[in-house]
Structure formats: C-alpha cells, structure tokens
Amino acid sequence: MQRLGPHSGPAESPALPAVLGSWVDWNRAVALARALDGSLPEQPEQPADIDVDRLVEECARARSTHAEAIHALMAELQQPMSPVEFERRHAALQRAQLTTTGRLRGRLRDALARTDDHGARLAEIDAVMEQVLAPREYRLLNRLPPHLAACLPTAISADSPAVDADAASPAVMPDPLPEPSWPPALRDTVRDLLLAELDLRFHPIDALSAAVHPHRAPPHAA
C-alpha cells in the first residue's frame, strides 16, 4: 500500500454506528424507523415464483465475470498503458459493476420480500440502507480510478535511476518517451484493490443471497 503514496484519510475510521446518525436525514430516518417497526407494504401479486436457485447462481456468475474482467485488465498492464487509459478502463469496470449489483440487489429483495414477514422487513430495511449508503459509496469509489492512475508516474519516478545532469547534452533533443510500464509490485497492489472493491460492491448481494437461500454458501471472487 505504501507504493500508492500518502492518503488523506484518517488513521482509524470511526465505527459505523458513530457516524450513521450524521448520514441519515429526517426523511431517511422516518423511512428506516418504518422499515424496522412499522407495517410492511403489501407485496404485488406475481404471476410466477422466482427461481431462487437460478437467481443465486446468476449472482455467482456475475461476480465471476467481473473478477475475470479485473484479471484481464491486470494482464494488459504487463504491457505499457497510459494512466489516462487505465483510469478510463477502471471507470468502465466500476460502471459495469454498479449496473450489475443494482439490478441483482433489487431482484434479491423482491425474492426475499415474498418469503415471510421477517424476509419482507429485511428487504425493506435493505432498500432504505441502500438509499442512505449508496451515494456515499459511489462518491468514495469514484475517486479510486484517478488516484490509482496518478500512482503510475510516482512509482516510475521512485524506481527510475537518477540522471546525471552533467552527462546530458542540451544540444541533443531526447526522443519522445514511450508509455511507461506498470511495475509488478504496483500491478499486484492495484489487482488486490480492484478485487477488494468488487468484494465491497457484492457484500449486499452476498447478504441478501444468504437470507433468501440460507443453506447455500455465498460465492467469493477469484
């Protein structure tokens, strides 16, 4: 992690209960209280039951697909790639993950809400918590692509040998520098961070999958 340079975050993050109160506005607080203790909304009639097994398997396949996309990007980093191109590719991975997890999370909530009253209440709570936490998660993770892209020049400068200024001739114009290669240690760190980001995005999917299908262990990214 030191290869990524200093960061402005606190040394120790405060506990979630200590800061959750400042994140929940009045309307969200009322919605959360209703989800916890109020009456449950009526569920619309469905023409057919949801195939829970197939839905959980779809979640596992989606997670595996996104993990494979991360590994494919890391393989491409073995060749030179500009920081701008990496930032663009990472942002594209994030958009794809956001689309997938949002869709699957909604479908899992629908399936959970039709299990029983406890499942319906849990689904309602998850919907409110997504409204509260998703914007903060988006803003936080949206800063990651430019931050990681900016680490490449820093890593190259740290690993490059010092240049003897007296040996350089001002009369000779240097050739344009090729795109730098990502050092192996930096690639490993970036890979671990991108997989950790994928895990974070799938935490609600894992929890809802476990609730709707309690006897099936949740998948993990490769």
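**View 1. P184, an exposed proline in helix α7.** At 53% relative accessibility, P184 counts as exposed, since the bar for that label is over 50%. This proline belongs to helix α7. In sequence, P184 and Q78 sit 106 residues apart, yet their C-alpha atoms are separated by 7.9 Å. Keep in mind for this view and the ones below that we're looking at a predicted model.

**View 2. The whole chain, helix after helix.** Zoom out for a moment and you'll count 7 helices and 0 strands. Going along the sequence, the pattern reads α-α-α-α-α-α-α. Of the 222 residues in the chain, 32% are buried. Take the contacts with a separation of 6 or more: 87% of them link residues 24 or more positions apart.

**View 3. The largest nonpolar core.** Here's the biggest nonpolar core, made of 35 residues. M74, F86, W182, V190 and L194 have the most contacts inside it. Helices α3 (52-76), α4, α5, α6 (144-159) and α7 (184-212) each put in at least two residues. The top contributor to this core is α7, with 9 residues.

**View 4. Close-up on F86.** F86 is one of the core residues with the most contacts. Skip its neighbours within four places in sequence, and F86 still touches L73, M74, L77, M81, L148, A149, W182 and V190. Three of the names in that list, M74, W182 and V190, also appear among the best-connected residues of the core.

**View 5. Helix α3 against helix α4.** The axes of α3 and α4 come within 11 Å and cross at roughly 175 degrees. An angle over 145 degrees counts as roughly antiparallel, so that's how α3 and α4 run relative to each other. On the α3 side, look for L55, E58, C59, A62, H66, A69, I70, L73, M74 and E76. Facing them from α4 are F86, R89, L93, A96, Q97, T100, R103, L104, R107, L108 and A111. Sorted by class, this α3 and α4 contact has 13 nonpolar, 3 polar and 5 charged residues.

**View 6. Helix α4 against helix α5.** Helix α4 (residues 83-113) meets helix α5 (residues 117-142) with axes that come within 9 Å and cross at roughly 170 degrees. These two are therefore roughly antiparallel as well. From α4, the contact uses Q94, L98, R105, R109, L112 and A113. From α5 come G119, A120, L122, A123, D126, A127, E130, Y138, L141 and N142. The tally for this pair is 9 nonpolar, 3 polar and 4 charged residues.

**View 7. Helix α4 against helix α7.** Now for a pair that points the other way: α4 and α7 pack at an angle of about 10 degrees, with axes 8 Å apart. That makes α4 roughly parallel to α7. Their contact splits into 16 nonpolar, 5 polar and 4 charged residues.

**View 8. Two buried cysteines.** C59 is tucked away at a relative accessible area of 3%. C151 is buried too, at 4%. If you're wondering about disulfides, a search of the whole structure turns up 0. C59 also shows up in View 5, as one of the α3 residues that meet α4.

Terms used:
Residues numbered from 1 in each chain as written. Predicted model: local features only at pLDDT ≥ 70, side-chain atom pairs only at ≥ 80, totals over all residues. Heavy atoms only, no water. Axes fitted to C-alpha atoms, helices over the stretch in contact; angles between N-to-C directions. Helix = DSSP H or I, 4+ residues; strand = E, 2+ residues; numbered from the N terminus. Parallel < 35°, antiparallel > 145°, perpendicular 65-115°, else oblique. Contact = heavy atoms within 4.5 Å. Nonpolar A, V, L, I, M, F, W, Y, C, P; charged D, E, K, R; others polar. Core = buried A, V, L, I, M, F, W, Y, C linked by side-chain atoms within 4.5 Å. Buried < 20%, exposed > 50% of the residue type's maximum accessible area, 1.4 Å probe, protein only. Disulfide = S-S within 2.5 Å.
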